[in-house]
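User: I should like to learn how to read packing and metal coordination from a set of coordinates. Could we work through one example together?

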Amino acid sequence: MPRPIDIIDLDDLGLDEGAHLLVKDALRKVPAVRVRGRSPTLDVDLPAWCRVQGYGYENGWVLRPQVERYADAVRAGSAAAPVDHPLPWWNFAARGALVERGTPTGDFALDAKEAIWSEDAARSYAQAAGAQWDPNRAIPWNAPVSHSVEIEDAIVQIMTYLIENETAALIAPVRFMGRVHPHFREVIQVLAVQAADEARHIEVFTRRALLRREAPGRSAASGQASLASLLDEDEFSCSSFLLSVLGEGTFLSLLWFLHEHAPDACTREVVRLAAQDEARHVAFSLSHLSYAISREPGLRNRLFAAVERRHAALVLTAGLDQEVFDSLVLLAAGSLEASGIRKGYAAVMQLIREMDESRRRHLLRLGFSEEVARTLSSLHTRNFM
Ligand SMILES: [Fe+2]
Ligand SMILES: [Fe+2]
């Protein structure tokens with residue numbers, strides 16, 4: 001004789017309307033329940049549902065499954081922090097979730113913590129997510145412009161150069177994003193929001209280039225060769241080093257130089273906002289590399305080799321395009337008058353010295369000696385990125 005606790009009355013709720021929730025809830029309390037109800041198809045639906053879901057069924061009684069599906073499931077580490085080597089079959093599971101056996105095995109080449117992790121990843125992502133800006137509202141697109149046609153030409157050429165650099169900076173890290181084991185979700189999040197930053201930079205530099213012109217300026221083969229070589233690096237840490245520490249680190253100096261010399265509020269603002277984002281990209285790479293080097297000091301040798309390889313690949317190219325160089329001089333000069341040009345030229349020379357100092361500072365932070373830092377900085381592409 002069933003006890004009241006063993007009986008569940010579904011009333012007229014059908015299994016095709018969610019009645020199984022009541023059956024499952026009852027089976028959490030008792031090993032078997034007698035199911036009653038007035039749904040006209042219950043007698044057919046209930047045995048069928050039991051069969052599909054792995055529950056036993058006898059004469060109106062539903063029995064708990066003999067083998068619980070999650071009996072041999074495994075927790076995908078803990079939610080708080082990643083493990084060193086997540087299992088491939090944890091796949092897309094939330095970190096710390098109970099993962100059922102039989103989950104398909106993922107193909108994530110970047111599945112070792114030391115290869116991609118940064119202790120700063122969560123904070124870096126949160127900061128980036130909070131610092132997103134809307135190009136429509138953040139930039140004074142209609143700010144007055146009073147500078148000469150020559151200066152506008154220089155700005156258009158610089159924007160053209162910035163756009164191709166931003167495009168490479170978007171594509172190079174995104175190649176790795178789909179290869180990171182989802183267990184390291186904070187790293188994927190950082191890479192995703194970094195890609196969104198670069199997408200915005202491409203947008204605002206394009207809009208600034210076309211503000212008063214029908215077309216952008218020139219794209220030099222040497223500049224493109226430098227950027228293309230960024231995609232040749234297959235190790236995440238080495239790629240991050242070349243792009244973010246050396247390239248974007250150098251670009252930070254360039255963007256602040258443009259901010260200082262831009263003649264109109266719109267140009268000033270696009271480079272200022274981009275520089276703020278770039279500072280995060282540099283900081284994340286430095287924190288990742290510091291972590292990776294602390295786990296494996298031999299990484300420094302591979303970073304050195306990556307710079308040498310890239311230098312060798314670019315040794316016959318011209319480096320920074322003359323048009324871009326001249327545009328920087330003219331922008332800093334403010335006009336085509338001789339005294340202005342002398343001042344502008346000196347400012348660009350000073351910029352190049354500052355770029356070198358900044359690279360060496362970052363290299364010292366990664367534990368390279370003064371001498372090695374000087375060598376590495378001097379081997380960095382003359383195209384800046
Ligand atoms: Fe950027
Ligand atoms: Fe960037």
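User: Which residues does Leu162 touch, not counting residues up to four places away in sequence?

Analyst: In soluble globular proteins, nonpolar side chains tend to be buried together. In this predicted model, Leu162 is in contact with Phe205, Phe251, Leu254, Leu255 and Leu258, with residues up to four places away in sequence left out.

User: How many residues has the largest nonpolar core, and which have the most contacts inside it?

Analyst: The largest nonpolar core has 66 residues, and those with the most contacts inside it are Leu162, Phe205, Phe241, Leu254, Leu258 and Leu328. Helix 9 supplies the largest share of this core, 12 residues. Another core, of 16 residues, lies apart from it and includes Leu15, Ala26, Leu42 and Cys50.

User: Turning to the metal, which residues are the protein donors of the iron ion (ligand 2)?

Analyst: Glu198 (OE), Glu248 (OE), Glu278 (OE) and His281 (ND1) are the donors, at 1.9 to 2.1 Å from the iron ion (ligand 2). Their spacing in sequence is E-x49-E-x29-E-x2-H. Glu248 belongs to helix 9 (residues 236-261) and Glu278 to helix 10 (residues 265-295), so this pair, 30 residues apart, links distant parts of the chain. Both Glu248 and Glu278 are buried.

User: Why is the arrangement of the four donor atoms around the iron ion (ligand 2) irregular?

Analyst: Ideal angles for four tetrahedral donors are 109.5 degrees. Here the arrangement is irregular because the four donor atoms subtend angles of 93 to 152°, whereas a tetrahedral assignment requires all angles to lie between 85 and 135 degrees.

User: Which residue coordinates both iron ions?

Analyst: Glu198 coordinates both the iron ion (ligand 2) and the iron ion (ligand 1), which are 3.5 Å apart.

Definitions and conventions. Residues are numbered from 1 along each chain as its sequence is written. Chains are lettered from A and ligands numbered from 1 in the order in which they are written. This is a predicted model: local features need pLDDT of at least 70, side-chain atom pairs count only at pLDDT 80 or more; totals for chains, interfaces and linings use all residues. Side-chain values use heavy atoms; hydrogens and water are left out. Donors are N, O and S atoms within 2.8 Å of the metal (3.2 Å for Na, K and Ca); water is not among the atoms, so sites may look incomplete. Four donors count as tetrahedral if all angles lie between 85 and 135 degrees; four count as square planar and six as octahedral if opposite donors are over 155 degrees apart and all others between 65 and 115; anything else is irregular. Helices (H or I, at least four residues) and strands (E, at least two) are DSSP runs, numbered from the N terminus. Buried means under 20% relative accessible area, exposed over 50%, partly exposed in between (1.4 Å probe, protein chains only). A nonpolar core is a set of buried Ala, Val, Leu, Ile, Met, Phe, Trp, Tyr and Cys residues joined through side-chain atoms within 4.5 Å. Contact means heavy atoms within 4.5 Å.
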